[in-house]
Amino acid sequence: MEVYELTAAIEAILFVNGDSVSVKQLTELFDADEQSIYAAIETLQRRYEGEDSGICLQRIADSYQMVTKPKMASYIQAFLRPVYKKQMSNAMLETLTVIAYKQPVTKAEIEDIRGVNSDKVISLLLEQGLIKAVGRLSTPGRPIQYGTTDEFLKHFGLSDLKELPKIE
Amino acid sequence: MSYNVKLDAFEGPLDLLLYLIKQSKLEITDISMADITYQYMEYISQAQDNNMDLTSEFLVTAATLIEIKSRSLLPNPPKAGEDEQVDDADPEQRLKARLQVYSVYKEAAAHLRMMEQRQEMVFTGPVRYVSKPEPIRIIEINANAEDLFNCYHRLLNRIKPAAPYNVKAEAISLNRQINIFKRLLSLFERIRFGRIVARYRFDKAHVVVSFLSVLELMKSGEADAYQSKPFAELIINRIKRRR
């Protein structure tokens, strides 16, 4: 497969899928090594950089997703009207913040920081796929430890956890 | 003084305390927690007047603040060392340390909210779940029934019987429980029995001792209790002392 063919094919896959596609999926699909996949993605990214392009590629951990540029928001909203993206509640955001910065973290540790019971919020976050169980502590009761998911990165437009704003 | 902010606007007692500290225009490190105890209590009683569902966490913090306030009224015993160290047992230091940590996360949450809002400007194509299911991996095992039998026996030999685990009963002092109720009644005119025992996860022994405490307080004329109907919530009322 020629390099230009691979680039074109990856672009087509990202377009039809809508959701993010992992590099691993692409290497398996095209029977290519990671390097050529990354090279193709870089070619696409450079092509979209121009002011005359309305889309770009967003990295989420080891996946890529074709998304519109923030500058296009007003046109898209006018076209699709009404379109609402749901903001999460303060309780959910606060709990998610603690998990994002302190992961892996148990429910007890979360509640100690927040000072309130967090049962309901944690199950809501699990339900929405923003967090997941990542392990268990070896202390009595073997409490579940939580961490964030790729869905979390996607929601905040982060490529990985290193992009979280610094605290303290 | 009137307070227009409703309690349910706060995520919890720590959030409310941070707000009160901000109102006083002081830093966490500089404020004396005893000074904002009054404002905190004002919120709690207002919420109770409005029959709001007050979570037990607010009450626990109220008790902590009262403890801090009462300590602040007592003369300070001279400390052994000259230099000021953070005293882990000091409830004020402990509460302040928690507030510091909480405020850091609250700020980080505000940052994330901004990122969330920025991400609202980004759209994707309609997400189609067209991905193929994960291929089933087949692992070949070269073994027969006898191998399995032997393997299982080796496993059984390896497992040692677990040592019996002793559960120690927690001693609950009736006097201590009476004092807890007395303290709560000094803060609140009306308390719900269910709320209190919920703090002990409805542990049977705690429920019994708590109930005995209520009976004891009724006997000594410090409280009375009623239920609107059988098996309804048990409400405990403070009785004003006549002099």
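**Exercise 1. What is the order of the three strands in the open sheet of chain B, and is the pairing parallel or antiparallel?**

Solution. The model is a predicted one.

Step 1. The three strands of this open sheet follow the order β1-β3-β2 (chain B), and the pairing is antiparallel.

Step 2. The edge strands are β1 (190-192) and β2 of chain B, each of which pairs on one side only.

Step 3. On average, neighbouring strands of the sheet are turned by 25° against each other, direction ignored.

Step 4. Take one pair in detail: β2(B) and β3(B) are antiparallel and pair over four bridges. Within this pair, Y226(B) stands opposite I235(B) in β3(B).

**Exercise 2. Describe helix α8 of chain B: its span, its two faces and its surroundings.**

Solution.

Step 1. Helix α8(B) covers residues 204-219, which is 16 residues. From first C-alpha to last, α8(B) reaches 23 Å, close to the 22 Å expected at 1.5 Å a residue.

Step 2. Find the buried residues, using the cut-off of 20 or more other C-beta atoms within 10 Å. In α8(B), S210(B), S213(B), V214(B) and L217(B) are buried. They lie on the same side of α8(B), because the arc they cover around the axis is only 100°.

Step 3. A general rule helps in reading such a pattern: an α-helix has 3.6 residues a turn, so residues three or four places apart point the same way.

Step 4. Look at the face turned away from the buried side of α8(B): it carries the exposed residues K204(B), A205(B) and K219(B).

Step 5. The cover over the buried residues of α8(B) includes α6 (174-187), α7 (193-198), β2 (223-226) and β3 (235-238) of chain B. Helix α8(B) lies across β2 and β3 of chain B and runs at about 125° to β2(B).

Step 6. Just after the helix α8(B), G221(B) takes a positive phi of about 75°.

**Exercise 3. Work out how the sheet of chain A is put together, starting from the makeup of the chain.**

Solution.

Step 1. Chain A has eight helices and six strands. Read from the N terminus, its elements run α-β-α-α-β-β-α-α-β-α-α-β-β-α.

Step 2. Three strands of chain A form an open sheet in the order β1-β3-β2 (chain A), with antiparallel pairing. β1 (21-22) and β2 (55-60) of chain A stand at the edges with a single partner strand each, so one side of each has no neighbour in the sheet.

Step 3. Between β1(A) and β3(A) there are two bridges, and the pairing is antiparallel. In β3(A), S63(A) is the bridge partner of S22(A), and Y64(A) is the bridge partner of V21(A).

Step 4. β2(A) and β3(A) run antiparallel and are joined by six bridges. Here I55(A) has T68(A) in β3(A) as its bridge partner. These two strands, β2(A) and β3(A), form a hairpin with two residues between them, and A61(A) in the turn has a positive phi of about 55°.

Step 5. Add the helix: α3 (residues 34-48) of chain A lies across β2 and β3 of chain A, at about 135° to β2(A).

Step 6. For the chain as a whole, 26% of the 168 residues of chain A count as buried. Of the contacts in chain A with a separation of 6 or more, 49% are between residues 24 or more positions apart.

**Exercise 4. How many residues does each chain give to the contact between chain A and chain B?** **Then trace one helix of chain B that packs against chain A.**

Solution.

Step 1. Chain A gives 32 residues to the contact, and chain B gives 31 residues.

Step 2. On the chain A side, the elements that give two or more residues are α1 (3-17), β3 (63-68), α4 (73-80), α5 (90-102), α6 (107-114) and α8 (150-156) of chain A. The largest share, seven residues, comes from α5(A).

Step 3. Sorted by class, the side of chain A that touches chain B has 16 nonpolar, 11 polar and five charged residues.

Step 4. Turn to helix α4 (residues 91-119) of chain B, which has 29 residues and reaches 42 Å from first C-alpha to last, close to the 42 Å expected at 1.5 Å a residue. Its buried residues include L95(B), R98(B), L99(B), Y102(B) and Y105(B).

Step 5. The buried residues of α4(B) pack against α5, α6 and α8 of chain A, together with α1 (13-23), α2 (33-49) and α3 (56-73) of chain B.

Key:
Residues numbered from 1 in each chain as written. Chains lettered and ligands numbered in written order. Predicted model: local features only at pLDDT ≥ 70, side-chain atom pairs only at ≥ 80, totals over all residues. Contact = placed C-beta atoms within 7 Å. Nonpolar A, V, L, I, M, F, W, Y, C, P; charged D, E, K, R; others polar. Buried ≥ 20, exposed ≤ 12 C-beta atoms within 10 Å, placed from the backbone. Pairing = 2+ DSSP bridges. Axes fitted to C-alpha atoms, helices over the stretch in contact; angles between N-to-C directions. Expected span 1.5 Å × (residues − 1). Arc of directions from axis to C-beta.
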